[in-house]
Amino acid sequence: MRKGLFALAAVGLLATSSVAACGDDKSDSGSGSKASSTGKVGVILPDTKSSARWATADVKYLTAAFNAAGVQADIQNAQGDKTQFQTIADGMISSGVKVLVIVNLDSGTGKAVLDKARAAGIATIDYDRLTLNGGADYYVSFDNVKVGELQGQGLVDCLTAKKYTKPIVAELNGSPTDNNATLFAQGYNSVLDPKYADGTFQKGPNQDVPDWDNTQAGTIFEQMLTSNKEIKGVLAANDGLGNAAITILKKNKLNGQVPVTGQDATVQGLQNILAGDQCMTVYKAIKKEADAASELAIAIAKGQKPTSATGKVTDPESKKDVASVLLTPQAITKDNVKDVVTDGFVTKDELCTAQFATACTSAGIS
Ligand code: BGC
């Protein structure tokens, strides 16, 4: 498996750069050329089920960026398995990567990996998720509190349009082990709490979804709805959780009446928006995120000091600053779904299948 993925990245590399750049620590000895002294990069993505992004977007943009730079990259996915995550990291560390980029599955195993890498003199980048107390050299992500604020405001707008009196809002939070989920909740609760406090909305059930497990989210939401039939709005932390809620709402013929939020601008999320079943999603331009992370990794691999991480984030556990790049998220509703297509994140063909063709035309996607 590892070999297969490695070969995939290496094949792409051959297509775009000199053979010399392909030399790894075994073959470049003695050549002394600049290209052959460029180090290898290891990237570990978390899973393929908590969000479509990890399988469809991040790997594609990261591979393209490393190929374009002629830097050898071993990009693997831990498939949601923390042991596997550490095994992959051990393999990358012993294969002599110069930079390790990780999306942790939780801060504990993330930190263990970062500690090992550091001990081996390898530079580290937290990609998308900050590893608490992990001490990575760099952090690349979006403004995740802002993501949550957009979700909260999106739900407020959709519920206001429905003109419900004191609607009950349910919250499906992300994984309690993902620092991003904490930041998203901080953002949306900063918008929703005042609405609960002044009686505009009623606070309904609120639950974390372990590991962002979409299937479990369905079970959790079904229980919420069974015990509270008056739920009128759902703050779901990403499109996968949102779709799980929408599936249950459909079963109860409530879809479209109960606004649901999301995140990631997945094809499914955008189609749910076009169908009127989802209120909004948050588009995070993952190409920019992948480009920002690979820019740092490429500089390090080439022995240069990166200059692009001009921001900083304070790790809430260690209280230490991490040099960071934080990008800006965008709220997407039916009115601007087309922006995601224009930006090239999803194609018209993927989005506008027969079932959604009319909705796509009305949304100005042509
Ligand atoms: C990411 C989201 C993603 C979620 C589940 C978060 O850390 O920022 O984009 O939907 O994890 O994978």
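The questions and answers below go through confidence, domains, cores and salt bridges in a predicted model.

Visitor: In which element is confidence lowest in the chain?
Guide: The chain as a whole averages a pLDDT of 92, and 90% of the residues score at least 70. Over residues 1-35, however, the pLDDT is below 50, although this stretch has 37 contacts in the model beyond near neighbours in sequence. Where pLDDT is low, the predicted coordinates should not be read in detail. Confidence is highest in strand E9 (residues 281-283), at 99, whereas the lowest mean, 39, belongs to helix H1 (residues 2-16).

Visitor: Where does the largest nonpolar core lie with respect to the two domains?
Guide: This core has 50 residues, and those with the most contacts inside it are Val-41, Phe-66, Tyr-127, Phe-345 and Leu-351. Its largest share, nine residues, is supplied by helix H11 (residues 286-301). Because domain 1 (5-142 + 286-327) and domain 2 (144-284 + 331-362) both give residues to the core, its place is between them.

Visitor: What is the area buried between domain 1 and domain 2?
Guide: The C-alpha centres of domain 1 and domain 2 lie 31 Å apart, and the contact takes 19 residues from domain 1 and 14 residues from domain 2. Across this interface the rule finds one salt bridge. Carbon and sulfur atoms give 43% of the buried area, which is about 1300 Å².

Visitor: How many residues apart in sequence are the parts tied together by Asp-106 and Lys-82?
Guide: The side chains of Asp-106 and Lys-82 meet in a salt bridge, with an N to O distance of 3.9 Å. Asp-106 sits in the loop between strand E3 (99-102) and helix H5 (107-119), while Lys-82 belongs to helix H4 (residues 82-94), so the pair links parts whose separation in sequence is 24 residues.

Visitor: Is Asp-277, the partner of Lys-250, buried or exposed?
Guide: Asp-277 and Lys-250 form a salt bridge through their side chains, at 4.0 Å from N to O. Asp-277 lies in the loop between helix H10 (267-274) and E9, and Lys-250 lies in helix H9 (residues 239-251), so the pair ties together parts 27 residues apart in sequence. Lys-250, at 42% relative accessibility, counts as partly exposed. With a relative accessible area of 9%, which is under the 20% limit, Asp-277 is buried.

Visitor: What is the relative accessible area of Lys-312?
Guide: Lys-312 meets Asp-321 in a salt bridge between side chains, at 3.9 Å from N to O. Asp-321 counts as partly exposed at 45% relative accessibility. Lys-312 is exposed, its relative accessible area being 60%.

Terms used
Residues numbered from 1 in each chain as written. Predicted model: local features only at pLDDT ≥ 70, side-chain atom pairs only at ≥ 80, totals over all residues. Heavy atoms only, no water. pLDDT = per-residue confidence, 0-100. Helix = DSSP H or I, 4+ residues; strand = E, 2+ residues; numbered from the N terminus. Contact = heavy atoms within 4.5 Å. Core = buried A, V, L, I, M, F, W, Y, C linked by side-chain atoms within 4.5 Å. Buried < 20%, exposed > 50% of the residue type's maximum accessible area, 1.4 Å probe, protein only. Domains from an automatic or database assignment. Buried area = accessible area lost by both parts, 1.4 Å probe.
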